[in-house]
Amino acid sequence: MKLGAPRKKSGWVMLQVLLLHLLVQSVHSQKSGNKLNITNPGQSILGLAVQLRRVSNEKVVVDNGIIQVTFSSPQGLITGIKYSGIDNVLDEEIDDRGYWDVAWYEPEKALEIDKLEGTKFEIITQNEEQIEISFTRTWTISKRGSLVPLNVDKRYIIRTGVSGIYMYGILERLEGWPDVDMDQIRIVFKLNPKKFDFMAISDDRQRSMPSMADRDNAKILAYKEAVLLTNPKNPMFKGEVDDKYMYSVEDKDNNVHGWISSDPPVGFWMITPSDEFRLGGPIKQDLTSHAGPITLSMFTSIHYAGKEMRMDYRNGEPWKKVFGPVLAYLNSVSPEDSTLHLWRDAKRQMAEEVKSWPYDFVNSEDYPLSHQRGTIEGQFYIRDRYVSRLNIYGKFAFVGLAPVGEAGSWQTESKGYQFWTKADRKGRFVIENVRAGNYSLYAWGYGFIGDYKYEQNITITPGSQMNVGPIVYEPPRNGPTLWEIGVPDRTAGEFYIPDPYPTLMNKLYVNPLQDRFRQYGLWDRYADLYPQNDLVYTVGVSDYRRDWFFAHVTRNVGNSTYDSTTWQIIFNLNNVNRVGIYTLRIALASAADSELQVRVNNPQSEHIFTTGLIGKDNAIARHGIHGLYRLYSINVPGDLLSLGDNTIYLTQSRSIGPFQGVMYDYIRLESPFTT
């Protein structure tokens, strides 16, 4: 049978299928007290079949009896979503309600936003079970400067019995096309502000939200995204800070988020069943939902990474990638039920989507089905002779396939596909459903520094099953540990995070200890705690959980003036190998327009090491606790050290503004090699 052609069923068989579907939905509703996918239990059974109506040359409507979606044609913008008593869950007072966009620019030119509006509409699949439609645009040289140089194919799928829209895009540039940089690719939904006022990102990050009007009337703080709500319509928000970056999530946890309307009780959720099309690995952070009400599907961005992660194409480089599918999912409950059922159901639906990945209903040769993908497995060990004479299980390490590169290159890789998993407590890992292609195998994890890369490239072919067996990583190590500060976990979360200013708080983060770093203005608290002299940490006396500030920032001295800061680590040596070389390991969790210099025992001496100017991840300002990971191994000649007390001076020398600085992940001093 031709792919996408309608499947023939007798009317009686079709009626049986639809009756069974309705019965299953009814039983689910009775068990959970949730009428999720049935907006009107008395509606026509035949209405559950998916229907497409070409209303006009400018409008296409797809309806499965549960959800009705209106698209502009041939642009492919989502202009309306009718569901469960709401004529349009999107904001009808603005034109841009549901759309894709790309932030792009040609080198040395201004940033542009392209909403990827199509010029051609096409039906890909149309039968009683699903409809897949396409909105395409072909780039030509005559469009240079006005449109991002990409061929665009935006796809939407609506299936019978599913209260949502599956969305994916195929973006392509051909060989020889102009140089271009792309900072961001995403899908945006702007919801009806009269309905949706409660946002949920995770089990412990949920709250009623201020409106965009509240933000428009607020006081802008240090940057435009952060505002102090001075005169909100709802007085409960007065005096709070709102900032979309407060609601960022690591990609490994960014599977479902969205909004709830209380009248009628309806939820709108963005579900991402796979991270394969995202960039930067499992702990890359990005935006989710925020005040508007707005819900995003972030495919790529330079957030918490900077320009090192941008997609830059030079010398006519060709490229093609499928982003998605993701699911915009809607659900509802009866007015008598708690709207929190909507969040629980959204998580249930997310789990179902993850289990179903890769989807078997996507009709594109660029999207490989399960049998066209491969699997790799193995067991990951750590070998550190100064920790254990035996190999250590790489328990809970992150292991992944990403485009071929150097160790650690995955965290700034932005063009290909990545596939990550977490090893079990014995270091065993399985990575399934990998697209065919050539990859490097990478690993890293909690408790050890650096990045592992398997010595050979990995080639995945359709249906292949590969076992690399035991693989062993030897983290950087020259000698035994003399002392250490922090935990090697690629974040600064274990260090001291101060209380926020009482007048600059977000109430969502008052109680959860793990999210204290998301409060606004914590960088300025350093000057309150250290108004004259900088931080001094004494090994064996100080405790990094209370004595090591989470970010090495500048000091605000007033009048928009900032000073560089120098931290001290004081440690005692009972003996010194004056002809040996000690090793100072400094792992950074973040850097923003900063330069870290290291001196030993004389703050006025020439530094023995400098990073030079590094970092654009802006994690300090964006409440991120980490950005890009960097590891430095610094030789410390023994003749610089003394018996008794010694001091290492760490200077962050750049001091133009408040957000310059670094976050440390872990610091360790090793003595010279011993057998």
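**Exercise 1. Find the neighbours of strand 46**

Task: Work out which strands pair with strand 46 in this predicted model, beginning with strand 40.

Solution:

Step 1. Start with strand 40, residues 581–594: nine bridges join it to strand 46, and the two run antiparallel. To get the register, look up Ala587, whose bridge partner in strand 46 is Tyr666.

Step 2. Move on to strand 34 (residues 481–486). Five bridges tie this strand to strand 46, again antiparallel. A handy marker here is Glu484, which stands opposite Arg668.

Step 3. Now take the short stretch at residues 552–553, strand 36. Two bridges connect strand 36 with strand 46, antiparallel once more, and Val553 sits across from Gly661.

Step 4. Finish with burial. Strand 46 spans residues 661–670 and is mostly covered, with 10 of its 10 residues buried.

**Exercise 2. Walk through strand 12**

Task: How many residues of strand 12 are buried, and which strands does strand 12 pair with?

Solution:

Step 1. Count the buried positions in residues 196–202. Five of the seven residues of strand 12 are buried, so this strand is largely enclosed by the rest of the structure.

Step 2. Look at strand 18 (residues 256–262). Four antiparallel bridges hold it to strand 12, and Ala200 stands opposite Gly258.

Step 3. Check strand 13 (residues 205–208). Four bridges join this strand to strand 12 as well, also antiparallel. Here Met199 faces Arg207.

Step 4. Trace the chain from strand 12 into strand 13: a hairpin makes the link through two residues.

**Exercise 3. Sort out a three-stranded sheet**

Task: What is the strand order in the open sheet that holds strands 14, 15 and 16, and which strands stand at its edges?

Solution:

Step 1. Read off the order: it is 14-15-16, with antiparallel pairing.

Step 2. Pick out the edges. Strand 14 (219–220) and strand 16 (241–242) each have a single partner strand, so one side of each is left without a neighbour in the sheet.

Step 3. Zoom in on one pairing. Strand 14 and strand 15 (residues 227–228) run antiparallel and share two bridges; Ile220 stands opposite Val227.

**Exercise 4. Follow the rings**

Task: How many aromatic pairs does a search of the whole structure find, and what do two of the pairs tie together?

Solution:

Step 1. Get the total: the search turns up 44 aromatic pairs.

Step 2. Try Phe71 and Phe135. Their ring centres are 5.8 Å apart with 35° between the planes, and the pair is tilted. Phe71 belongs to strand 3 (residues 67–72) and Phe135 to strand 8 (residues 130–137), so the pair ties together parts that are 64 residues apart in sequence. Phe71 is buried at 1% relative accessible area, and Phe135 is buried at 0%.

Step 3. Go on to Tyr223 and Tyr520, a tilted pair at 6.2 Å centre to centre and 50° between the planes. Tyr223 is in the loop between strand 14 and strand 15, while Tyr520 is in the loop between strand 34 and helix 4 (525–529), so this pair ties together parts 297 residues apart in sequence. Both tyrosines, Tyr223 and Tyr520, are buried.

Step 4. Look for a network. Ring pairs link a cluster whose members include Trp100, Tyr166, Trp357 and Phe361. Phe361 also has a charge over its face: Arg159 lies there, 3.9 Å from the ring centre. Over at Tyr501, Arg525 lies over the ring face at 5.6 Å from the centre.

**Exercise 5. Size up a domain interface**

Task: How many residues of domain 1 and domain 2 are in contact, and what area do the two domains bury between them?

Solution:

Step 1. Mark the domains: domain 1 covers 51–205 + 246–356, domain 2 covers 370–473 and domain 3 covers 481–670.

Step 2. Place the first two relative to each other. The centres of domain 1 and domain 2, taken over C-alpha atoms, are 30 Å apart.

Step 3. Count contacts: 20 residues of domain 1 touch 16 residues of domain 2.

Step 4. Turn to area. Interface size is often given as the accessible area lost when the parts come together. Domain 1 and domain 2 bury about 1,400 Å² between them, and 53% of that is on carbon and sulfur atoms. On the domain 1 side, Glu276, Pro282 and Lys321 lose the most area to domain 2, together 38% of what that side buries.

Conventions. Residues are numbered from 1 along each chain as its sequence is written. This is a predicted model: local features need pLDDT of at least 70, side-chain atom pairs count only at pLDDT 80 or more; totals for chains, interfaces and linings use all residues. Side-chain values use heavy atoms; hydrogens and water are left out. Buried means under 20% relative accessible area, exposed over 50%, partly exposed in between (1.4 Å probe, protein chains only). Two strands pair if DSSP finds at least two bridges between them. Rings of Phe, Tyr and Trp (its six-membered ring) pair if their centres lie within 6.5 Å; planes under 30 degrees apart count as stacked, over 60 as edge-to-face and the rest as tilted. A charge sits over a ring if NZ of Lys or CZ of Arg is within 6 Å of the ring centre and within 35 degrees of the ring normal. Domain bounds come from an automatic or database domain assignment. Contact means heavy atoms within 4.5 Å. Buried area is the accessible area (1.4 Å probe) that two parts lose on being put together, summed over both.
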